[in-house]
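Biologist: I'd like a close look at one part of this model, and I'd rather hear about its surroundings too than get a one-liner. Here's the entry I mean.

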Amino acid sequence: MSSPRRLQARARVNPSSETSRSDVQSESLESSLLRLVNDHQNSAIRLREHTEKSKKEAIKSASRVSDLLVEAVNGGVEECFVNEKRIEVEIRALKTTIKRFAKQTDQWLASTHAINNAIKEIGDFENWMKTMELDCKSIAAAISNIHQS
């Protein structure tokens, strides 16, 4: 390709009949260059649009993948959370049951101690009765001895 300076230099050297021919050539060269520049700009614009479109699609795809990953992870987390709540409810129920059993056990221990004390008292009463019976027999024997003498 010729540079614009060479074209100007040729235009100065050429006679006037060739000047019109060179003007036509320079116009066609100029129009060709303008067409090339316009084609380049249009292809650059199309390339930029295609790049933007690809970028947006990539962002959408990345967002979708991210959402799917979050859903996959959250599904397990949600299941763990539900299980945790169920376990907490069971723990509360077990605490209530344990308190009830502890209270019942305390009542049984109190009743057992009361029965043991009653049995001890019966044993003490029985011993007292035996002691009284022996004392009464001793007194009766002493009275009978006194009376016989």
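What follows is my request and then one long reply.

Biologist: Which residue lies over the face of Phe101, and at what distance from the ring centre? Please put that spot in the setting of the whole chain.

Modeller: Sure. Keep in mind that this is a predicted model. At the spot you picked, the residue over the ring face of Phe101 is Arg100, sitting 5.2 Å from the ring centre. As for ring-to-ring pairs, the structure has one aromatic pair.

Now the setting. Two helices and zero strands make up the secondary structure count. Of the protein's 149 residues, just 1% are buried. The exposed surface comes to about 13,600 Å², with 60% of it supplied by carbon and sulfur atoms.

The cysteines fit into that picture as well. Cys80 is exposed, at 53% relative accessible area, while Cys136 counts as partly exposed because its relative accessibility is 47%, in between the 20% and 50% cut-offs. Searching the whole structure for disulfides turns up zero.

How far should you trust all this? Mean pLDDT for the protein is 85, and 85% of the residues reach 70 or more. The stretch to be wary of is residues 4–15, where pLDDT stays under 50. For that stretch the model has six contacts beyond four places in sequence. Low pLDDT means the predicted coordinates shouldn't be read in detail, so I'd leave those contacts out of any close reading.

How values were computed. Residues are numbered from 1 along each chain as its sequence is written. This is a predicted model: local features need pLDDT of at least 70, side-chain atom pairs count only at pLDDT 80 or more; totals for chains, interfaces and linings use all residues. Side-chain values use heavy atoms; hydrogens and water are left out. Rings of Phe, Tyr and Trp (its six-membered ring) pair if their centres lie within 6.5 Å; planes under 30 degrees apart count as stacked, over 60 as edge-to-face and the rest as tilted. A charge sits over a ring if NZ of Lys or CZ of Arg is within 6 Å of the ring centre and within 35 degrees of the ring normal. pLDDT is the predictor's confidence in each residue, from 0 to 100. Contact means heavy atoms within 4.5 Å. Helices (H or I, at least four residues) and strands (E, at least two) are DSSP runs, numbered from the N terminus. Buried means under 20% relative accessible area, exposed over 50%, partly exposed in between (1.4 Å probe, protein chains only). Accessible areas come from the Shrake-Rupley method with a 1.4 Å probe; for residues, only the protein chains shown count as cover. A disulfide is a pair of cysteine sulfur atoms within 2.5 Å.
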